[in-house]
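Today I am opening the notebook on aromatic ring pairs. Here is the entry I looked them up in.

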Amino acid sequence: MDRSDSEESAYHRSPSLDSKENPPAHGTFRRYSSLYRATTSSFYGLHSNPGPQASKAEYTSSKGSKYVVFYLDLSFIFLLELKRCNVTQNCCQCLKYLMFIFNLLFWLGGCAVLCVGIWLAVTQGNFATLSTTIPFLSAANLLIGTGSVVMLVGFLGCVGAIKENKCLLLSFFTLLLMIFLLEIVGGILFCVYRNQIDTYARDDLKEGLWLFETDGNIGLTNAWSIIQTDFGCCGVSNYTDWFEAFNMTQVPDSCCQEYSVSCGLHSPDTWWKDACYEKVKLWLQDNLITLGIFALCTALVQLLGLTFALTMYCNLVKTETYSS
C-alpha cells in the first residue's frame, strides 16, 4: 500500500507525454493574447506593466517604432491645427471683405442722399419747409443731415474693416448703435404721444399758412403748392384756413381743380374741399406696409453692420491676445 501511494504521487508529479505534446488550449490563448497586448501597447506608445511574455515581444519589435508613431501623432495634430487655423483665417478674411463691401454700399448711398439734399438746397431753396417753429426742418436739410451721417458711418466701417483698425471699428459700432437706439426711442415716443403730436402738427401747419408767398419763404410756398396740386386738397383742415391767413376770401391758385391765373379769387365751387392734412395722413396709412418694410430693412441693415463690426473687433482682440 505504501508502494501504491508513492507510485501515485510520482505519477502526479511527473508530467505526462500528452501534456508536453498538446498543451492546454486556454494556456496558448493566454500566452498569445498577452503577446498581442504587449505589441499593441508598444505600437501606440502606452506604458503598462507587461508580463514576461509581453516583455519578450517588446524586445522582438523594432526599437524606433514608438518614436515613429509618436512623430506621426504629432504630425497629425499639427495638420489638424493648421487646417483649423486656415479655416478661421479664411472666415476672418471673408468677414473683412464682406464688411468692407457692405459699408462701401452704405457710403455710396449716403453720397447719393447728400447730393440730392444739396441740389434741393441750391435750386429749390428751403424746399418743403412747412414748420414755423422748426424752420430748419426742411426736406433739403433733412437729406443733407442724413447723407452726412450715413457717409461718416460708412467711411468708418470701410476704413476700419480694410485696415483692421480696432479704434475705427469700435467708433463705427458705437455710432451705429446710438443711431439705432435713437430710432427705437423715437418710434416709441411717437406711438405714445401720437395724439399730442397730431394736434401740435395741425396748429403748426396753420401758423405756417401766414408765411405763404412772403419774402424768404419760397420753400414753404413751393411745398404748399405741390401738396395741394398733387393731393387735390386745400388748406390744413379745409379751404377756410386760407381765409384767416389772407384776411379775405381767397385761396392760392393751387387749390383750384382746374388751374388758371387768379382762380383762387372767385368761384369757391371750383376749389378742392378736402383737407390736406387728412389727405396726407390717409396716404401714409395706405402705404403703411411699404413704410414698415422700409423701416424693417433699415433696421436689419443696421443690425448686420453692428454684428459684423462686433465680430471683427472681437477677432482682432483675440488675435492680439494669442500673439502676445
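A note to self before I start: a residue is buried under 20% relative accessible area, exposed over 50%, and partly exposed in between. I also keep in mind that this is a predicted model.

**Entry 1, the count.** I looked up the ring pairs and found 10 aromatic pairs. I then picked out F102 and F308: their ring centres are 6.1 Å apart and their planes stand at 90°, so I wrote the pair down as edge-to-face. F102 belongs to helix α5 (residues 65–123) and F308 to helix α12 (residues 288–323), so this contact ties together parts 206 residues apart in sequence.

**Entry 2, burial of that pair.** I checked F102 and got a relative accessible area of 17%, which is buried. F308 comes out at 16%, so I marked F308 as buried too.

**Entry 3, another pair.** Next I turned to F231 and W283, an edge-to-face pair with 6.4 Å from centre to centre and 85° between the planes. F231 sits in helix α9 (residues 218–231) and W283 in helix α11 (residues 276–286), and the pair links these distant parts of the chain across 52 residues.

**Entry 4, how open are they?** Is F231 buried, partly exposed or exposed? Its relative accessibility is 26%, and because partly exposed covers values between 20% and 50%, I filed F231 as partly exposed. W283, at 44%, is also partly exposed.

**Entry 5, a cluster.** Last, I followed the ring pairs that join F212, W224, W242 and F246, and I noted these residues as a cluster.

Methods: Residues numbered from 1 in each chain as written. Predicted model: local features only at pLDDT ≥ 70, side-chain atom pairs only at ≥ 80, totals over all residues. Heavy atoms only, no water. Phe/Tyr/Trp six-rings, centres within 6.5 Å; stacked < 30°, edge-to-face > 60°. Helix = DSSP H or I, 4+ residues; strand = E, 2+ residues; numbered from the N terminus. Buried < 20%, exposed > 50% of the residue type's maximum accessible area, 1.4 Å probe, protein only.
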